[in-house]
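Biologist: Please take one residue of this model as a starting point, describe its setting closely, and then work outwards to the parts around it and to the other chain.

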Amino acid sequence: MTRVLGWLAALALLAGLGMAFAVAPREATQGTVQRIMYVHVPSVWVAYCAFVVVFVASIAYLATRAEAADRLAHASAEVGVLFTGLTIATGSIWGKPTWGTWWTWDARLTSVAVLFVMYVGYLLLRGMIDEGERAARYAAVLGVVAALNIPLVHFSVLWWRTLHQPPSLMKPGPSSMPPVIVRALLVNFAAFALLYLYFVAKRIRLLRLEGEAGA
Amino acid sequence: MIFARRAWSVVWKDLLVERRSKETLNALAFFSLLLLFVFQFALGPDRERLAAALPGLLWLGFVLAGLLGLGRTFVLERENDCWEGLILAPGDKSAIYVGKLAANVTLMLVVEGLILLLFAVFFNVDLAPALTGLALVMILGTVGLAAVGTLFAAMTAQVRARELLFPVLLLPVQVPVLLGEPLGAVGHWLGLLAAADVIYIVTGLLTFDFLLES
């Protein structure tokens with residue numbers, strides 16, 4: 001099952017690359033460098049989804065005390081941090097030629113960076129506690145607090161300052177993007193989502209085996 | 001009503017111990033004074049540069065003092081082995097959270113008032129015209145910081161490397177408050193701070209129970 005997921009993710013990533021480089025048009029002002037968007041945007045979407053999964057799994061753990069829910073939260077947080085890091089890295093690579101700087105304290109950059117450190121803290125907390133049950137309980141509380149904090153961080157940082165282009169897809173009204181670009185983005189999103197599922201499935205399996213070996 | 005009385009007994013206990021021992025308060029007062037030295041040395045004698053940086057430094061002082069003070073929320077219980085005693089108190093555990101939070105807010109406001117006074121004297125700032133606005137932002141900001149701080153202090157009390165982990169967990173979560181405090185005088189920031197306070201307190205009330213099981 002996991003293996004099928006892995007192959008599906010690999011195929012989808014290939015299709016995504018094809019869409020990004022062959023099908024989607026070359027952007028007029030930025031040139032080829034703009035194609036990094038097909039990695040940048042899907043990875044941040046997947047990262048946000050991953051943290052929503054952490055939130056839901058944390059609540060589920062606190063309500064039911066099912067170890068499976070805890071493993072899901074743990075795995076999803078790890079993969080979410082990975083994709084957040086990927087977002088920041090690709091954003092930097094994209095920002096250097098277009099904005100002229102690797103990093104700027106713009107609103108959206110800042111809020112993604114805050115997200116990154118918040119969930120790195122989550123993983124640190126897990127690492128610092130030896131008893132599995134207590135680690136799960138504390139991490140679940142932190143998972144809930146962190147997720148409820150995301151909208152607060154988002155709005156506070158937005159009011160603070162913004163330079164980033166406004167969202168092109170997730171906004172009211174008709175999309176400003178040509179449909180072919182939207183299609184390429186969605187294919188890549190699907191590929192990244194499959195990759196996320198594959199990683200999480202692998203990690204959950206590993207965590208379960210670790211738990212059994214430790215018990 | 002019983003809930004309020006339970007919470008009050010925690011406040012009363014903490015503040016009484018603090019009043020008699022003055023452990024945290026004395027150390028924090030001295031720490032605040034030392035902060036002024038550090039700020040002054042870091043920025044040099046240039047009066048204008050100092051004046052431009054002062055609002056940020058003021059909040060930095062509050063946050064640093066807050067990190068130290070809030071991290072000690074459950075030190076008394078841990079060092080004196082009273083943790084079980086606290087947990088065994090009958091009834092709703094979130095009353096303990098409310099009590100600890102109220103005691104923390106009181107202590108922090110005293111320390112912040114002191115920092116404010118020190119700033120006014122040593123950096124020669126006239127605070128009188130801004131005082132009401134400042135007080136409002138200080139209260140809202142402190143409640144937000146303490147609401148998460150109290151929760152995380154309970155979380156890190158029994159964990160390895162707690163002195164390190166506490167600020168590492170607290171600072172990123174506090175970004176809305178950190179951004180809101182220096183800008184607090186502007187209308188919608190007050191709303192944001194208030195919203196953050198409500199969300200943090202409600203989350204704390206709902207999740208505190210889970211931290212006390214053992």
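Modeller: Phe31(B) has 16 other C-beta atoms within 10 Å and is therefore partly exposed, a count that falls between the limit of 12 or fewer for exposed residues and that of 20 or more for buried ones. The model is a predicted one, and in it Phe31(B) belongs to helix H2 of chain B, which covers residues 23–43. Once its neighbours within four places in sequence are left aside, Phe31(B) is in contact with Ala65(B) and Leu68(B). A further position to consider beside it is Gly61(B), which is 30 residues away along the chain, while the C-alpha atoms of Phe31(B) and Gly61(B) are separated by 9.5 Å.

Just before this helix, in the loop between helix H1 (2–21) and H2 of chain B, is Lys22(B). Its backbone deserves a check, since the phi of Lys22(B) is near 55°, a positive value in a residue other than glycine. For context, most residues other than glycine have a negative phi. Lys22(B) has 11 other C-beta atoms within 10 Å, so this residue is exposed.

Chain A offers a second case of this kind. Arg65(A), which is not a glycine either, has a positive phi of about 60°, and its place is the loop between helix H2 (37–64) and H3 of chain A. Because Arg65(A) has 13 C-beta neighbours inside 10 Å, it counts as partly exposed.

The helix that follows that loop leads to a helix pair. Two packed helices are described by the angle between their axes and the distance between the axes. For helix H3 (residues 67–99) and helix H6 (residues 179–214) of chain A, the angle is about 135° and the axes are 9 Å apart, so H3(A) and H6(A) are oblique to each other. The crossing in which H3(A) passes H6(A) is right-handed. On the side of H3(A), the residues that make the contact include Leu72(A), Ala75(A), Val79(A) and Phe83(A), together with Arg71(A) and Glu78(A) among others; H6(A) contributes residues including Tyr196(A), Phe199(A), Val200(A), Ile204(A) and Leu207(A). Sorted by character, the residues of this contact are nine nonpolar, two polar and four charged.

Seen as a whole, chain A has six helices and zero strands, which follow one another along the sequence as α-α-α-α-α-α. With a radius of gyration of 19 Å, close to the 17 Å that the globule rule gives for 215 residues, chain A is as compact as a globular protein of that length. Along the principal axes, its C-alpha atoms fill a box of roughly 60 × 45 × 30 Å. Of the 215 residues in chain A, 40% are buried, and among the contacts of chain A with a separation of 6 or more, 77% are between residues 24 or more positions apart.

The two chains also touch, with 25 residues of chain A in contact with 23 residues of chain B. On the side of chain A, the elements that give two or more residues are helix H4 (107–128) and helix H5 (132–160), and the largest share, 16 residues, comes from H5(A). This side of chain A divides into 21 nonpolar residues, three polar and one charged.

How values were computed: Residues numbered from 1 in each chain as written. Chains lettered and ligands numbered in written order. Predicted model: local features only at pLDDT ≥ 70, side-chain atom pairs only at ≥ 80, totals over all residues. Helix = DSSP H or I, 4+ residues; strand = E, 2+ residues; numbered from the N terminus. Rg over C-alpha atoms; globule rule 2.2 N^0.38 Å. Contact = placed C-beta atoms within 7 Å. Axes fitted to C-alpha atoms, helices over the stretch in contact; angles between N-to-C directions. Parallel < 35°, antiparallel > 145°, perpendicular 65-115°, else oblique. Left-handed = near helix turned anticlockwise from the far one by under 90°. Nonpolar A, V, L, I, M, F, W, Y, C, P; charged D, E, K, R; others polar.
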